[in-house]
Amino acid sequence: MRVLVLNGPNLNLLGTRKPEIYGTTTLADIEQMMRQRAEELGIEMDFMQSNYEGELVEQIQKAKGRYQYLILNAAAYTHTSIAIRDAIEAVELPTIEIHLSNIHAREEFRHNSLIAPVCVGQICGFGAKSYLLALHYVAEMEK
Ligand code: DQA
């Protein structure tokens, strides 16, 4: 069971970026937490971040055949990127959309996710634990 975790723009700034919204956990902390949990759950995991839409599209395309699930925090591209949505739809990989913050409780422009209709589901609002919950979903599905 192999899972790709993809992180979009500005998530490399976690820890110092708007801690009142995103907390003080860094992306490296999240990666470490996930690696530990993935090992416990018997899941192989790769973890990446990019600030570039095209790079995220490339990674989604390359994931086909190499991973069974995609865990995606597309960050701001969630609300704007038809290209990322189309890539998810094209590769037909079960994708779990995640967000640290509850996007539905924030500014109106964050309420709409262009990728939600092509994802299995959305986990948002649980801070860094949104990532761990996504891993647990994968583990449950593979039982
Ligand atoms: C985010 C929510 C997005 O609206 C925002 O643009 C982000 C982070 C989150 O994890 O809460 O960069 O995806």
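Contact means heavy atoms within 4.5 Å of each other. This model is predicted: local features need pLDDT of at least 70, side-chain atom pairs count only at pLDDT 80 or more, and totals for chains, interfaces and linings use all residues. Residues are numbered from 1 along each chain as its sequence is written, and side-chain values use heavy atoms, with hydrogens and water left out.

**Exercise 1. Place Asn-51 and list what Asn-51 touches.**

Step 1. Find the element. Asn-51 sits in the loop between strand E2 (44-49) and H3. Helices (H or I, at least four residues) and strands (E, at least two) are DSSP runs, numbered from the N terminus.

Step 2. Check the cover. Asn-51 is partly exposed, at 34% relative accessibility. The scale runs as follows: buried is under 20% relative accessible area, exposed is over 50%, and partly exposed is in between (1.4 Å probe, protein chains only).

Step 3. List the contacts. Leave out residues up to four places away in sequence; Asn-51 then touches Gly-8, Pro-9, Asn-10, Asn-12 and Tyr-77.

Step 4. Take Tyr-77 from that list. Tyr-77 is 26 residues from Asn-51 along the chain, and their C-alpha atoms are separated by 9.7 Å.

Step 5. Look at the polar atoms. The Asn-51 side chain reaches the backbone nitrogen of Asn-10 at 3.0 Å. With the side chain of Gln-49 it makes a polar contact of 2.9 Å. A polar contact is a pair of N or O atoms within 3.5 Å; within protein, one must be able to donate a hydrogen and the other to accept it, and residues adjacent in sequence count only if both atoms are side-chain atoms.

**Exercise 2. Describe Ser-50, in the loop between E2 and H3.**

Step 1. Is Ser-50 buried or exposed? Ser-50 counts as buried, because its relative accessibility is 8%.

Step 2. Follow the side chain. It reaches the backbone nitrogen of Tyr-52 at 3.0 Å.

Step 3. Collect the contacts. Ser-50 touches Asn-7, Gly-8, Pro-9, Glu-55 and Leu-56, not counting residues up to four places away in sequence.

**Exercise 3. Describe Gln-59 and Glu-58 in helix H3.**

Step 1. Locate Gln-59. Its helix, H3, covers residues 53-63.

Step 2. Read its cover. Gln-59 has a relative accessible area of 12%, so it is buried.

Step 3. Name its contacts. Neighbours within four places in sequence are set aside; Gln-59 is then in contact with Leu-4, Leu-6 and Met-48.

Step 4. Turn to Glu-58. At 41% relative accessibility, Glu-58 counts as partly exposed. The C-alpha atoms of Glu-58 and Asn-102 are separated by 27 Å, with their positions 44 residues apart along the chain.

**Exercise 4. Find the aromatic pair and say what it links.**

Step 1. How many aromatic pairs does a search of the whole structure find? The search finds one. Rings of Phe, Tyr and Trp (its six-membered ring) pair if their centres lie within 6.5 Å; planes under 30 degrees apart count as stacked, over 60 as edge-to-face and the rest as tilted.

Step 2. Classify the pair. The ring centres of Tyr-69 and Tyr-137 are 6.4 Å apart and the planes stand at 90 degrees, so the pair is edge-to-face.

Step 3. Place the partners. Tyr-69 lies in strand E3 (residues 69-73) and Tyr-137 in helix H5 (residues 129-141), so the pair ties together parts that are 68 residues apart in sequence.

Step 4. Read the cover. Tyr-69 is buried at 7% relative accessible area. Tyr-137 is partly exposed at 27%.

**Exercise 5. Find two residues with a positive phi that are not glycines.**

Step 1. Take Asn-10. Its phi is about 75 degrees. Asn-10 lies in the loop between strand E1 (2-7) and helix H1 (19-22). It counts as partly exposed, at 34% relative accessibility.

Step 2. Take Ala-75. Its phi is about 50 degrees. Ala-75 lies in the loop between E3 and helix H4 (82-91). At 12% relative accessibility, Ala-75 is buried.

**Exercise 6. Find polar side-chain atoms beside the ligand.**

Step 1. Take His-79. An N or O atom in its side chain is 2.7 Å from an oxygen atom of the ligand.

Step 2. Take His-99. Its side chain has an N or O atom 2.8 Å from a ligand oxygen.

Step 3. Take Ser-101. A polar atom of its side chain lies 2.6 Å from an oxygen atom of the ligand.
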